[in-house]
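Welcome! Take a moment to turn the model around on your screen, and then let us walk through it together.

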Amino acid sequence: MSDPVVNSHGLARRLGPFDATMLVMGGIIGSGIFVTPAEVARHVGTPLLIVGAWLIGGIVALAGALVYAELAARRPAVGGQYAYLRDAYGPLPAFLYGWSLLLVIQSGGMAAVAITFARYMNTVLPSALGDNVLAVGVLGILTIINCLGVRSGSNVQSVLMLLKIGAIAALVAAGFLLAPAAAPTPIAYSDVSTIAALGAALTPIMFSYGGWQTSSFVAGEMRDPARDLTRGLLFGVIGVVVLYTAVAFVCVHVLGASGLAASKTPASDVMRSAFGEHGATFIAAGIAISALGFLSQSMLTAPRVYFAMAEDGSFFRSVAMVSKRTQVPVVAIALQGAVAAIIALSGTFGQILSYVVSVDFIFFGLTGAALFVLRRKFADDNVGFSAPGHPFTTGLFVAACAVVVVATVWNNPLNSLIGYAILLAGVPAYLYWRKANAR
């Protein structure tokens, strides 16, 4: 087998379109899909609107994927979304994204998911280890695996993603084939209040569909990033829309709209209806695997942003170090694992997660709008993929992100302000690192 191509950053190009697709799906599907359908049902009370809300969210996610696919074709650089923001708006907005990713968005999410994994794993296979200890242990193992090389990290992530798809497929099949159907619910006609409720339901749905952008972080380690990432984004997001809509449909089919709204653990309730307590144990194992897969994907992708920041002179220089043996940014990977572990041990992950949504979707919207900027800046570039329907699909995605930000600030003003305060604290940090690295 021939040696892999090494890019100008010292990273090996070992990933192909299948890896990209698994990364896209793995970045989206965590443990939330097993719970979120109930939250959506509490906002909209009919089967049509519950399932329809997931389809609408999927359309918005697909519009975003089309935008990111063109961005990937235009700027196939290490760091992905970070690079798009940097090339469109300059280094400060890009740094603030990486800053928020490390302190709030990615690390807080990873800590929460690690605790979720530990809780469900201790339910399926009880151990003497506490949830916090088990969470930190799995973060440590994934850190080591990803330090061994991008291929080893991607292989683990792909296997876990296939297991996740299997668990979701089993949930859908069991619900349709073995569980008794709920009594039919009358369909309500739309009015102003229904439209408002649908808007509220879309907030958790949009958050559930988030995560596909993280696949762009490892563009520099794909064999042909413009082609592979573009295909991965499109196939991956479409695959998740199918899976998510099927889960919402089967939950309504088995539990009914009112039963789904009243459920705290809808996936477990569906499997319990089909198989009894053995079904609930099976889905608990599925949720643990899903959480582990999300952690694996996060540990593989996010450190490439911190690596790119360090290479740009906006972060600790040591974070740009690449292992000569494994050709991965080992310091950046270790940093991500350490920060997530500290948050998991501190127990503050729930609080940090409440700061995430408005900050995350600001950068989502800015990245979507970056396509307008980059098309103008680099009008003569020969791009292999153009977002269909631009500027309308791009405008739809940016507008949807703006709606989520406004709705989040409206419903959680204090948490949103804290999130923005953490974001703005990155400005003096950026100025310090730029000055220190210039010296």
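## The largest pocket

In this predicted model, the largest pocket holds about 1400 Å³ of space. Its lining counts 47 residues, and those closest to the pocket's centre are G32, T36, F207, S208 and L353. If you would like to find the walls, look for the elements that give two or more residues to the lining: α1 (17–28), α2 (36–43), α5, α8, α11, α14 (349–353), α15 and α16 (392–411).

Which element contributes the largest share of this lining? That is α5, with 10 residues. Sorted by class, the pocket's lining has 22 nonpolar, 22 polar and 3 charged residues.

## A cavity inside

How many cavities of 30 Å³ or more are there? The count comes to 1. About 50 Å³ of space lies in the largest cavity. Its lining is made of V60, A61, M206, Y209, G210, W212, F361, F364 and F397.

Three helices, α3 (47–74), α8 (192–209) and α15 (356–377), each supply at least two residues of that lining. By class, the residues around the largest cavity are 8 nonpolar, 1 polar and no charged. You have now met α8 and α15 in both places: they give residues to the lining of the largest pocket and to that of the largest cavity.

## The nonpolar core

The largest nonpolar core has 153 residues, and among its members W212 and Y306 touch the most others. Helix α9, which runs over residues 225–262, gives the most to this core, namely 18 residues. W212 may look familiar, since this residue also lines the largest cavity.

What does Y306 touch, once its neighbours within four places in sequence are left aside? Its contacts are G98, L101, L102, Q106, F315, V319, A332 and Q336.

## Two buried residues to visit

Start with F117, which sits in helix α5 (residues 91–124). Is F117 buried or exposed? Its relative accessibility is 6%, so F117 counts as buried. Beyond its neighbours within four places in sequence, F117 is in contact with L134, V138, A288, A291 and L292. For a sense of distance, F117 and V156 are 39 residues apart in sequence, while their C-alpha atoms are 16 Å apart in space.

Next comes S290, found in helix α11 (residues 277–301). S290 counts as buried because its relative accessibility is 1%. Not counting residues up to four places away in sequence, S290 touches I29, G30, S31, F34 and K164.

## The whole chain

Now step back and look at the chain as a whole. The chain has 18 helices and 2 strands. With a radius of gyration of 21 Å, close to the 22 Å that the globule rule gives for 439 residues, the chain is as compact as a globular protein of that length. Its C-alpha trace spans about 70 × 50 × 45 Å along the principal axes.

What percentage of the 439 residues is buried? Buried residues make up 57% of the chain. Among contacts with a separation of 6 or more, 82% come from residues 24 or more positions apart.

How values were computed. Residues numbered from 1 in each chain as written. Predicted model: local features only at pLDDT ≥ 70, side-chain atom pairs only at ≥ 80, totals over all residues. Heavy atoms only, no water. Core = buried A, V, L, I, M, F, W, Y, C linked by side-chain atoms within 4.5 Å. Buried < 20%, exposed > 50% of the residue type's maximum accessible area, 1.4 Å probe, protein only. Helix = DSSP H or I, 4+ residues; strand = E, 2+ residues; numbered from the N terminus. Contact = heavy atoms within 4.5 Å. 1 Å grid on protein atoms, 1.4 Å probe; cavity = no way out; pocket = protein on both sides within 12 Å on 5 of 7 lines; lining within 4 Å. Points joined across faces, edges and corners; volume = space filled by probe spheres on them. Nonpolar A, V, L, I, M, F, W, Y, C, P; charged D, E, K, R; others polar. Rg over C-alpha atoms; globule rule 2.2 N^0.38 Å.
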